[in-house]
Every structure is written in structure tokens, then in C-alpha cells.
Amino acid sequence: MTKKKLVFSGVQPTGNLHLGNYLGALKNFVSLQKEMNCIYCVVDLHAITTFQNPTELQKNVLETVASFIATGLNPDKSILFNQSSVSGHAELAWILNCVSRIGWLNRMTQFKDKAGSDKEKASVGLYIYPNLMAADILLYKATHVPVGADQKQHLELSRDIAQKFNNDFNCKDFFPLPDPLIPKNVSRVMSLRDGTKKMSKSEESDYSRINLRDSSDEISKKIKKAKTNSEQIPVSLNELEKRPEALNLINIYTEISKTKIEKVLNEMSGKEYSFLKMKLTELLISEITPVGKEIEKLLKDKSHLEQILKKGKEKANIIAEENLKNIREKVGLI
Ligand code: TYM
């Protein structure tokens, strides 16, 4: 029997979404919507694992939904909602906290990065965050999860948790083992200031990232300032791979222009970086600024966005409650 395919993914409402979110996740969300049933979630419970200003958080939830829609998600086709509005996420997370192992969580590199040098001061929520992520996915028995490469380890943990639950409660195949869908070309968009770090909302300098709401001027300034080296663009892929900043810019160009990297290198190699930067700026402006304008437009009608979340919550809750009923039964909760 072939299993019904279902896509689930989530994005944290922690401020402006950027080019990494767009190329690593959102573009994939949109194309999957054409072939499968999809559920996309604004994961506000994940966001509060580090302190969020409550007013800002509410604003950011709406901005994230607006970004979903502006990039092409259709709320009539896919389910769009915010995590805290379906209480099943928190309930299943608790059950999975009891399935997941401390040794597994201790291996999570993202916790080590986010908690920094003083782990004792990190919230417990931040530590058990990957269990909540597993709950998000398993609550819907999702089979496919589009994410950037930074989430790969969390996805592997979700599979381990699903497998252990199926074994512990003697219910083979109860939870499908979710497959990550990670973009091949740009699975990790890097910072414009340091090609060895991923582009991220939390990096202090706004010059490190292209935000979806950046103006043409801002995009142009950021690409102009993007770190490169004084030499010319390398001639071979081998050489390029030794220069993370150049590789990142070429990768972004390759992805947005939908060209093969070899072809881009043919066009660019031996030229000055200013040539690549000029071409990349043009491309980014035509790809990103329409999305930014659409976000601004959508944010003018907050009640429309709230309505979308409300409808999404109702649809998500029906699936979640049905699955939770069976999960509670398996565990022996009356
Ligand atoms: P978050 O909010 O950090 O990022 C949202 C999505 O964007 C991808 N991404 C990137 N891709 C490429 N290059 C980058 N520089 C880059 N930065 C971010 C992320 O991989 C992600 O796909 N834990 C998740 C949210 C989450 C989730 C889930 C995802 C919660 N529950 C269940 C999938 C399924 C996170 O913090 O993503």
C-alpha cells in the first residue's frame, strides 16, 4: 500500500524573513503545493524558546503569514496557521519528551550554537525544542518536510523519535518516518559578511542578509558591500569551493537565474567581482522586491491575515485531534 503523502513545515516568527528562508524553504513550499497536500505553520511556540517581546511577536506572526502568501502560498490550497492555536502541538510534544532521549538532544548542534558558552542559562524550552519540532511533524503524520540544510539534524531526530514510539508502543508504521526535502543547489545560504556562517535573522549586522522587505536600494548596497576577495572570480569549481564568500554569491545567482553553475562560471570566470555583483543585484531586485511589496500590501489588512490563520487553525485542528485520539490510545491515556 502506498502511504498518503503529506507535507509539513514551519517557520519561526522572529522578524524579517530573509533570502535564506526564501531559497532554503519558502520557494520549495510553493512548488510542493502543486503536487501534494501541504500544511505550513508559523511556529510561535518555537520562537518563545528565546525571549520575545509579546507585541513584536504578534506582529511577526502576521508578517510571517504575509510572507507565506506573498511568495505564492495559497491559503485555499494549503493549510496556513500558527502553532499555538492548535494545542495538540504542545500535548504531543510532552508525550514525545518522554520518548526522546537526553543523549539524543545532547548531540543537537543548533542548541550548542544558540545556547552559546553559558548553557546553564539557556531555557529548558530551547533544549527540548527538537522534540517540539518532531511533534509538529508527527501530529499530522507528515511524510515530507521541506527545510534548509540547517534543520537536517532535527529531522533525523524526528525520525528516531517516530521509530522509537512505533517500537515502544508496538505499532509498526503508526508514525511515518518523515523525509527531509532539502534543496540541492542552495541548501544553506551563507552570510554576506562571512561565507562560513549561515545567513540568519539573529546575526547582528543587517548587511549580512537580504531581507524579503528590503528596497532596491538596500539590496544594491548590501551586495556592493558583500565580502569577496580582491582577486578575480575563479575559473574552476574546485577553486571556487576554496572561497566561501564567492561560492555563496555564485550559488545564489545560479539558483535564482535557474542556470547550471558550470554555465555561470563560464560567464563569470576571470571577471572582476563587480561584474557578478551587478548581475546579482539586478536579479535579486527583480526576484525579491515584488515579494516585499506584496508583503507590505498584505500587512495593510490585518483582519484578512487573521481570518486566514483562523481558517487554517480549524482545518489543522481537525487532523490533529483525530490523530491525537489514536496517539493517546496507544500510550494508554484515558
Ligand atoms: P527557521 O525559522 O530558522 O527557518 C525557516 C526555514 O528556513 C530555512 N533556512 C535556511 N535555508 C537556507 N539557508 C539559510 N541561511 C537558512 N536559514 C533558514 C530553515 O532550514 C527552515 O526550513 N526549527 C525550524 C522551524 C520548525 C520546523 C518545524 C521546520 C519548527 N517546527 C517542523 C520543519 C518542520 C526553524 O527554526 O526554522
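## Terms and model

Buried means under 20% relative accessible area, exposed means over 50%, and partly exposed is in between (1.4 Å probe, protein chains only). Asp179 is partly exposed, with a relative accessible area of 34%.

This is a predicted model: local features need pLDDT of at least 70, side-chain atom pairs count only at pLDDT 80 or more, and totals for chains, interfaces and linings use all residues. Residues are numbered from 1 along each chain as its sequence is written, and side-chain values use heavy atoms, with hydrogens and water left out.

## The ligand and its shell

The ligand has 27 residues around it. A residue is near the ligand if one of its heavy atoms lies within 4 Å of it. Tyr129, Asp136, Gly148, Asp150 and Val189 come nearest. By class, the shell has eleven nonpolar, eleven polar and five charged residues. Here Ala, Val, Leu, Ile, Met, Phe, Trp, Tyr, Cys and Pro count as nonpolar, Asp, Glu, Lys and Arg as charged, and the others, Gly among them, as polar.

Strand S1 (6–11), helix H1 (19–32) and helix H7 (124–139) each supply at least two shell residues. Helices (H or I, at least four residues) and strands (E, at least two) are DSSP runs, numbered from the N terminus.

## Polar contacts with the ligand

A polar contact with the ligand is a pair of N or O atoms within 3.5 Å. Asp150 brings a polar side-chain atom to 2.4 Å from a ligand oxygen atom. Two ligand contacts use backbone N or O atoms. That of Gly20 lies 3.1 Å from a nitrogen atom of the ligand. That of Met199 lies 2.9 Å from a nitrogen atom of the ligand. The protein covers 97% of the 710 Å² of accessible area that the ligand has on its own. Accessible areas come from the Shrake-Rupley method with a 1.4 Å probe.

## Salt bridges

Side chains of opposite charge can pair when their charged atoms come close. A salt bridge is a side-chain nitrogen of Lys or Arg within 4 Å of a carboxyl oxygen of Asp or Glu. The count comes to 20 salt bridges. Asp179 pairs with Arg159, the closest N and O atoms being 3.1 Å apart. Asp179 lies in strand S5 (residues 179–181) and Arg159 in helix H8 (residues 152–168), so the pair ties together parts that are 20 residues apart in sequence. Arg159 is partly exposed, at 27% relative accessibility.

Glu321 and Arg328 also form a salt bridge (3.8 Å, N to O). A network of salt bridges with shared partners joins Asp206, Arg209, Asp214 and Lys222. Within it, Arg209 meets Asp206 at 3.4 Å, N to O. Arg209 is buried at 7%, whereas Asp206 is partly exposed at 33%.

How values were computed
Polar contact = N/O pair within 3.5 Å; in protein donor to acceptor, adjacent residues only side chain to side chain.
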